[in-house]
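Open the model in your viewer, colour by secondary structure and keep the selection panel handy. We'll start with terms, then go from the whole chain down to single residues.

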Amino acid sequence: MEEGLFGLLIVYCLTAVVLFVVGIIQIIIKSSRNEPIKPGLKLLIISVIMVVIGFGACAVLLANS
């Protein structure tokens, strides 16, 4: 059971990191072209929310085990 949770946590963290990096790249590219950076900001906000929820869930799982 714990191996599955650990694998799921790794996938979740990688997804959050990928969203963060893609958001940063979009912001850099779109700001250099004077385009709206709203999609990049949305990705950054989503990745931060994912990290907060992920750490909260991890803390709950560790507290209950």
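Before you select anything, here's the vocabulary: buried means under 20% relative accessible area, exposed means over 50%, and partly exposed lies in between, using a 1.4 Å probe and protein chains only. Helices (H or I, at least four residues) and strands (E, at least two) are DSSP runs, numbered from the N terminus.

This is a predicted model, where local features need pLDDT of at least 70 and side-chain atom pairs count only at pLDDT 80 or more, while totals for chains, interfaces and linings use all residues. Residues are numbered from 1 along each chain as its sequence is written, and side-chain values use heavy atoms, leaving out hydrogens and water.

**The whole chain**

Zoom out: the protein chain has two helices and zero strands. Its radius of gyration is 15 Å, well over the 11 Å of the globule rule for 65 residues, so the chain is more spread out than a compact globule. (The radius is taken over C-alpha atoms, and the rule is 2.2 Å times the number of residues to the power 0.38.) Along its principal axes, the C-alpha trace spans about 50 × 15 × 10 Å. Buried residues make up 14% of the 65 residues.

**Helix α2**

Now select residues 38-64, which are helix α2. At 1.5 Å a residue, its 27 residues should span 39 Å, and the end C-alpha atoms are indeed 39 Å apart. (The expected span is 1.5 Å times one less than the number of residues.)

Which residues of α2 are buried? Pick G40, L43, L44, S47, M50 and G54.

Centre on S47, which is buried with a relative accessible area of 1%. Show its neighbours: leaving aside residues up to four places away in sequence, S47 touches A16, L19 and F20, where contact means heavy atoms within 4.5 Å.

Further along α2, C58 is partly exposed at 24%. Draw a distance from C58 to V48, ten residues away along the chain, and the C-alpha atoms come out 15 Å apart.

**Helix α1**

Over to I24, in helix α1 (residues 2-32). Is I24 buried, exposed or partly exposed? Partly exposed, with a relative accessible area of 34%.

Add V17, F20, V21, I25, I28 and I29 to I24, and you have a nonpolar surface patch with about 590 Å² of accessible area together. Patches take residues with over 30% relative accessible area and no salt bridge, joining like charges within 9 Å and nonpolar side chains (Val, Leu, Ile, Met, Phe, Trp, Tyr) within 5 Å; a salt bridge is a side-chain nitrogen of Lys or Arg within 4 Å of a carboxyl oxygen of Asp or Glu. Areas come from the Shrake-Rupley method with a 1.4 Å probe, and for residues only the protein chains shown count as cover.
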